[in-house]
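Please open the model in your viewer and keep the sequence panel beside it, since each stop on this tour begins with a selection.

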Amino acid sequence: MREKVKLYVSAAILILFIPWLLTVYLWGGGSRFSASSGEDEQLEEQVVRVLAAEIPADYDLECLKAQAVIVRTNLSREGEDAEKGWDEAAMREAWGEAYEKNLDKIQTAVSETEGLVLTYEGELILAAYHRASNEKTRNAEEVPGQEAYTWLQSVPCQEDILAEGFLYVGYMEKEELAAALAELFPDEEMNAEDLPGTLRIAERDSADYVTQVQYGETIVNGEAVRSALELQSSCFYFSELEGKIRIVTKGIGHGLGFSQYGAERMAEQGAVYTELLSYFYQGVKIEKLQ
């Protein structure tokens with residue numbers, strides 16, 4: 001019997017992120033590897049806002065500098081609007097008494113990397129990042145819709161297992177799971193009582209993230225399932241325990257590119273930001289915006 005394949009790639013890619021990783025994938029528009037002086041100043045101010053929102057301010061300065069280059073690259077690549085990131089009120093609310101200290105650190109990370117971006121073969125890259133991997137980052141060639149991003153290759157990141165929230169275990173009622181997945185499998189008559197046995201993990205990549213899930217004759221992208229169930233990672237597992245669905249996830253985020261927690265641990269051991277970027281993005285160059 002011929003399978004009906006629905007990968008939902010476009011929708012899934014837009015939902016590869018957890019709330020604090022809102023600027024990883026900025027689709028649309030062409031690359032912009034140039035800026036005027038006025039645009040430079042506006043861009044650097046925007047990098048400060050986004051950097052503040054996207055990574056803990058108490059991370060090592062070298063890790064923050066690496067993230068600043070990542071943020072600047074993504075913003076320059078897509079020309080994202082200036083409202084992205086935190087304004088002063090949001091920073092004060094998040095940091096409280098540490099506002100002045102944290103802002104100074106964030107601004108230092110931005111100023112010490114001013115104008116620097118990541119390129120591959122002369123073009124600004126899509127600089128994917130996440131909070132913590134499943135002990136190793138993913139190879140983009142194995143992720144549906146990401147195959148062209150050859151600089152995103154799998155690298156070991158074992159210390160990510162120590163990240164707060166790395167392992168999640170939760171439970172859902174069978175009916176709740178069926179309802180959450182119904183829109184992904186509109187052509188299938190889903191029987192809640194048969195779950196999770198009839199919901200098959202059809203494919204995982206080499207880092208153990210789910211790339212395909214099958215129910216009946218329909219196959220959907222693992223990221224679409226992750227989004228529908230609001231899971232923090234697409235490295236997930238289903239089982240049944242006492243009549244409920246037990247869901248286990250490992251890692252925080254999509255697992256592609258720069259692992260913030262892994263980079264933080266490397267920085268603590270003496271790695272500088274250029275080394276961090278070269279480790280998580282293969283074959284890239286760090287260049288000044290022209």
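In this predicted model, begin by selecting helix H6, residues 174-181, together with helix H7, residues 222-229, which pack at an angle of about 125° with their axes 9 Å apart. An angle of that size makes H6 oblique to H7, and the crossing in which H6 passes H7 is right-handed. To see what makes the contact, show the side chains of Leu-177, Ala-180 and Leu-181 on H6 along with Val-225, Ala-228 and Leu-229 on H7. Sorted by class, the contact of H6 with H7 has six nonpolar residues, with no polar and no charged ones.

Next, turn to the largest nonpolar core, which has 56 residues, and select Leu-118, Phe-258 and Tyr-281, the members that touch the most others. Colouring by element helps here: those giving two or more residues to this core are the helices H2 (37-54), H3 (61-78), H4 (88-95), H5 (99-111), H8 (260-268) and H9 (273-280), along with strand E2 (116-120). Which of them gives the largest share of this core? That is H3, with eight residues.

Now centre the view on Phe-258 and display what surrounds it: leaving aside neighbours within four places in sequence, Phe-258 is in contact with Cys-63, Ala-66, Gln-67, Ile-70, Ala-128, Tyr-129, His-130, Ala-263, Leu-276, Phe-280 and Tyr-281.

For the last stop, select Leu-181, Met-190, Ala-224 and Phe-236, which are among the 22 residues of another core, lying apart from the largest one. Leu-181 will be familiar from the start of the tour, as one of the H6 residues in the contact with H7.

Note on methods:
Residues numbered from 1 in each chain as written. Predicted model: local features only at pLDDT ≥ 70, side-chain atom pairs only at ≥ 80, totals over all residues. Heavy atoms only, no water. Axes fitted to C-alpha atoms, helices over the stretch in contact; angles between N-to-C directions. Helix = DSSP H or I, 4+ residues; strand = E, 2+ residues; numbered from the N terminus. Parallel < 35°, antiparallel > 145°, perpendicular 65-115°, else oblique. Left-handed = near helix turned anticlockwise from the far one by under 90°. Contact = heavy atoms within 4.5 Å. Nonpolar A, V, L, I, M, F, W, Y, C, P; charged D, E, K, R; others polar. Core = buried A, V, L, I, M, F, W, Y, C linked by side-chain atoms within 4.5 Å. Buried < 20%, exposed > 50% of the residue type's maximum accessible area, 1.4 Å probe, protein only.
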